[in-house]
Amino acid sequence: MQLVLLWDLQELDLSISEFKLKIEEAPHLSGVEETNEKLDELKNELSEQEHRLAEDQKTLRQLEMKVQKIVDDWQELSGSLYSGKITNVKELEQMQRKLDLLAAEKQKLEDNIILLMESVEEQEMALKETETGVNKSEQEFQKKEGLLETNLNLFRKELSRLEIDRNRLAEDIEQKYLKRYEILAQKHQGRALAKVDDDICSGCRVFVSSGLRGHLYNPGAMVYCENCGRLLVKLDNQQ
Ligand SMILES: [Zn+2]
């Protein structure tokens with residue numbers, strides 16, 4: 001009976017739509033996008049931290065070189081001061097003042113170095129933490145991506161099986177039924193046909209008139225619900 005086949009076709013088409021929707025929604029539901037965004041954010045943070053750290057390490061080296069230069073200057077000046085070659089008191093006093101200034105400058109630089117070293121140490125620790133976060137996020141991303149791929153493969157496999165069944169079934173249905181079905185399916189979100197349960201249209205829940213009900217048992221007739229316009233089908237052993 002054509003209407004029964006048409007009903008089965010509708011069931012298959014509804015399943016096909018369902019799987020197409022699943023395939024469409026799977027990437028979004030998988031959380032892959034969010035994990036990837038989080039990973040990108042962490043990678044950016046890591047690169048900023050690395051940049052800042054490299055800058056501070058460079059500054060640290062420069063400060064250490066300055067200190068070394070001061071130590072060299074101090075030793076040279078000190079050597080001259082105590083060589084006994086210079087006897088002019090004023091000149092000696094001037095040299096002593098310069099030595100004092102160098103010592104003060106050295107102290108200031110060393111204080112800065114200590115502060116910067118502490119900051120570098122903290123930054124190195126924060127960097128390690130971010131690295132751990134990046135690794136974790138990367139693993140999470142790969143795991144979710146793998147799961148998504150597995151699910152998509154399953155859905156695609158199921159979809160192609162349904163499509164094969166659907167096309168095979170459609171071959172057994174007359175064109176006039178198929179055309180009618182396609183027009184009605186567009187109108188009713190894929191539900192062109194409605195079963196009649198207890199004299200009620202399952203599509204709109206409205207009572208089917210006794211006049212129409214009589215036609216339902218005529219296998220060649222196409223009977224439409226007077227309320228919603230769906231093609232009515234009375235299935236045997238219907239539950
Ligand atoms: Zn109806």
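This briefing covers the domains, nonpolar cores and salt bridges of the structure above. It is a predicted model, in which local features need pLDDT of at least 70 and side-chain atom pairs count only at pLDDT 80 or more, while totals for chains, interfaces and linings use all residues. Residues are numbered from 1 along each chain as its sequence is written, and side-chain values use heavy atoms, with hydrogens and water left out.

**Domains**
- The domain assignment, automatic or from a database, gives domain 1 (22-171) and domain 2 (175-233).
- Taken over C-alpha atoms, the centres of domain 1 and domain 2 are 69 Å apart.

**Nonpolar core**
- The largest nonpolar core (buried Ala, Val, Leu, Ile, Met, Phe, Trp, Tyr and Cys residues joined through side-chain atoms within 4.5 Å; buried means under 20% relative accessible area, exposed over 50%, partly exposed in between, with a 1.4 Å probe and protein chains only) has 35 residues.
- Helix 3 gives this core its largest share, 11 residues (helices are DSSP runs of H or I, at least four residues, numbered from the N terminus).
- At least three residues of this core come from each of domain 1 and domain 2.
- Beyond neighbours within four places in sequence, Ile-173 has contacts (heavy atoms within 4.5 Å) with Gln-2, Leu-5, Leu-6, Leu-9 and Leu-178.

**Salt bridges**
- There are 10 salt bridges (a side-chain nitrogen of Lys or Arg within 4 Å of a carboxyl oxygen of Asp or Glu).
- Lys-43 and Glu-138 form one at 3.4 Å, N to O; this pair joins helix 2 to helix 3 across 95 residues.
- Lys-43 is partly exposed at 36% relative accessibility, as is Glu-138 at 28%.
- Lys-38, Glu-140 and Lys-144 are linked in a salt-bridge network.

Notes. Helices (H or I, at least four residues) and strands (E, at least two) are DSSP runs, numbered from the N terminus.
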